[in-house]
Amino acid sequence: MPYQSDKDNPIKMVIKDYKIGFIGLGRMGREILPKINDRYRVHFVYNRSPEKYRYIDKLDTETAESPEEISKNCNLIFLSLTDTEAVKSVIFGKSGLISNLRGGTVIIDMSTISHKGSTEINEEIVKSGAHYMDCPVIGSVAAARNSSLTMVCGGDKSILEGLKPVFSTFCSKIFLMGPHGNGLKMKLINNIVMGLNMISAAIGVSLGGSAGFSPETVSEILLSGGASSKILDLKRDKIVRGDFSPEFSLEHQLKDIRYGIELMNNFALELKLVEDAENLFASACTEGFCSLDESAIYQYLRRLASVER
Ligand SMILES: NC(=O)c1ccc[n+]([C@@H]2O[C@H](COP(=O)([O-])OP(=O)(O)OC[C@H]3O[C@@H](n4cnc5c(N)ncnc54)[C@H](OP(=O)(O)O)[C@@H]3O)[C@@H](O)[C@H]2O)c1
């Protein structure tokens with residue numbers, strides 16, 4: 001559907017022309033939505049499980065019955081959902097966004113999903129004249145809380161420039177990586193490296209345990225030199241306290257490595273090390289570590305190390 005007027009053309013629109021909707025009150029969404037709402041009103045929110053509305057009950061945001069109600073009432077829609085299936089279900093499922101999608105509406109998908117899946121979604125959405133930008137975010141729940149996420153976007157430059165003030169309410173760095181799909185390419189590369197670094201740090205602290213050293217001492221020493229990593233710095237306290245309550249869950253890390261491997265295959269690149277990382281996270285998941293924080297891979301390694309040979 002073509003734009004009805006300049007007012008429906010996202011390239012010419014200014015922020016006040018947008019009515020904002022938000023879908024997904026998971027660990028990230030429930031932190032990001034209030035940040036946007038502090039400066040620009042979020043008119044409607046939808047979450048599959050209504051009990052999560054408790055996280056935003058102090059805001060004046062209206063709750064929608066379905067994604068369809070969001071696309072009926074809003075022309076700037078943020079998504080923060082688990083995976084490709086979740087995004088497809090919200091857009092194309094029963095009472096999905098697609099039913100009321102108007103030309104000119106902008107969908108900002110912050111979910112980390114498969115690059116292939118995102119391309120398929122985009123092919124359908126452009127038919128309605130709406131814009132779908134892949135804008136996954138890098139950083140933890142804490143980074144969302146203190147507005148220091150990094151956003152990596154694929155899509156139209158003019159739309160991104162126009163929306164930067166909105167994104168800046170929860171991001172300190174915003175990159176346009178190129179056309180649609182390039183944001184996810186960068187995000188998946190990032191999460192391959194993060195997963196490998198997480199395993200590498202966990203191996204170090206776990207080996208230290210087998211050698212009779214405490215996690216505190218080993219972490220401090222690793223962090224003091226070339227073996228240091230940001231992920232060890234971020235997860236050190238969780239490892240030392242044995243608190244593996246999820247910030248970024250192990251199953252999400254596994255999902256992202258799998259999407260990353262799918263992407264690497266596109267580049268005709270096969271790396272055994274990344275496949276080994278996938279297998280390690282997958283076995284930990286099978287052994288009951290799925291819903292714990294990704295740093296629980298350390299505890300899983302400790303368990304493996306305790307098995308008598
Ligand atoms: N957590 C982090 O540190 C972090 C950092 C950067 C990026 N990310 C990425 O950001 C995204 C969200 O992460 P999160 O940690 O907020 O995840 P989460 O806590 O697991 O929340 C996932 C959200 O997706 C919804 N959802 C899942 N399946 C659905 C379906 N079939 N239909 C409709 N809604 C569905 C959930 O709804 P219900 O409430 O009904 O389950 C929930 O709102 C993920 O792609 C993740 O990889 C996370």
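This is a short tour of a predicted model, going from the ligand out to a few single residues.

**Stop 1: the ligand**

Select the ligand and show the residues around it. How many residues surround the ligand? There are 27, and the closest are Met28, Asn47, Ser49, Lys52 and Lys255. Try colouring this shell by class: you should find eight nonpolar, 12 polar and seven charged residues.

Next, zoom in on the oxygen atoms of the ligand. Pick Arg48 and look at its side chain, where an N or O atom is 3.0 Å from an oxygen atom of the ligand. Then turn to the backbone. A polar backbone atom of Gly26 is 3.4 Å from a ligand oxygen, and for Thr82 a backbone N or O atom lies 2.9 Å from an oxygen atom of the ligand. How much of the ligand does the protein bury? Taken alone, the ligand exposes 910 Å², and the protein buries 89% of that.

**Stop 2: zoom out to the domains**

Give residues 6-178 one colour, for domain 1, and residues 186-306 another, for domain 2. Where does the ligand lie relative to these domains? Both domains give residues to the shell, so the ligand lies between them. Now pick out two helices, H3 (84-92) and H10 (250-266): each of them supplies at least two residues of the shell around the ligand.

**Stop 3: along helix H3**

Stay with H3 and select Thr84, Val87, Val90 and Ile91, which are buried. Why are these four on the same side of H3? They cover an arc of only 135° around the axis, and that puts them on the same side of the helix. Here's a handy rule for looking at this: an α-helix has 3.6 residues a turn, so residues three or four places apart point the same way.

**Stop 4: the loop after H3**

Move on to the loop between H3 and strand E5 (106-109), where you can select Ser95. Check its backbone angles: Ser95 has a positive phi of about 50°, although it is not a glycine. Ser95 is partly exposed, at 28% relative accessibility.

Lys94 is in the loop between H3 and E5 too. Is Lys94 buried or exposed? It counts as exposed, with 80% relative accessibility. Use your distance tool from the C-alpha of Lys94 to that of Val14: these two are 80 residues apart in sequence and 32 Å apart in space.

**Stop 5: another serine in a loop**

Go to Ser147, in the loop between helix H5 (141-145) and strand E8 (149-154). Ser147 has a positive phi of about 55°, and it is not a glycine.

**Stop 6: a strand residue**

Select strand E9 (residues 171-178) and find Met177 in it. Met177 has a relative accessible area of 31%, making it partly exposed. From its C-alpha to the C-alpha of Lys88 is 23 Å, with the two positions 89 residues apart in sequence numbering.

**Stop 7: a buried helix residue**

Finish at helix H8 (residues 215-222), where Ser219 is found. Is Ser219 buried or exposed? Buried: its relative accessible area is 0%, and anything under 20% counts as buried. For a last distance, pick Asp233 as well. Ser219 and Asp233 are 14 residues apart in sequence, and their C-alpha atoms are 8.2 Å apart in space.

How values were computed: Residues numbered from 1 in each chain as written. Predicted model: local features only at pLDDT ≥ 70, side-chain atom pairs only at ≥ 80, totals over all residues. Heavy atoms only, no water. Near = heavy atom within 4 Å. Polar contact = N/O pair within 3.5 Å; in protein donor to acceptor, adjacent residues only side chain to side chain. Areas by Shrake-Rupley, 256 points an atom, 1.4 Å probe, with all protein chains shown as cover. Nonpolar A, V, L, I, M, F, W, Y, C, P; charged D, E, K, R; others polar. Domains from an automatic or database assignment. Buried < 20%, exposed > 50% of the residue type's maximum accessible area, 1.4 Å probe, protein only. Arc of directions from axis to C-beta.
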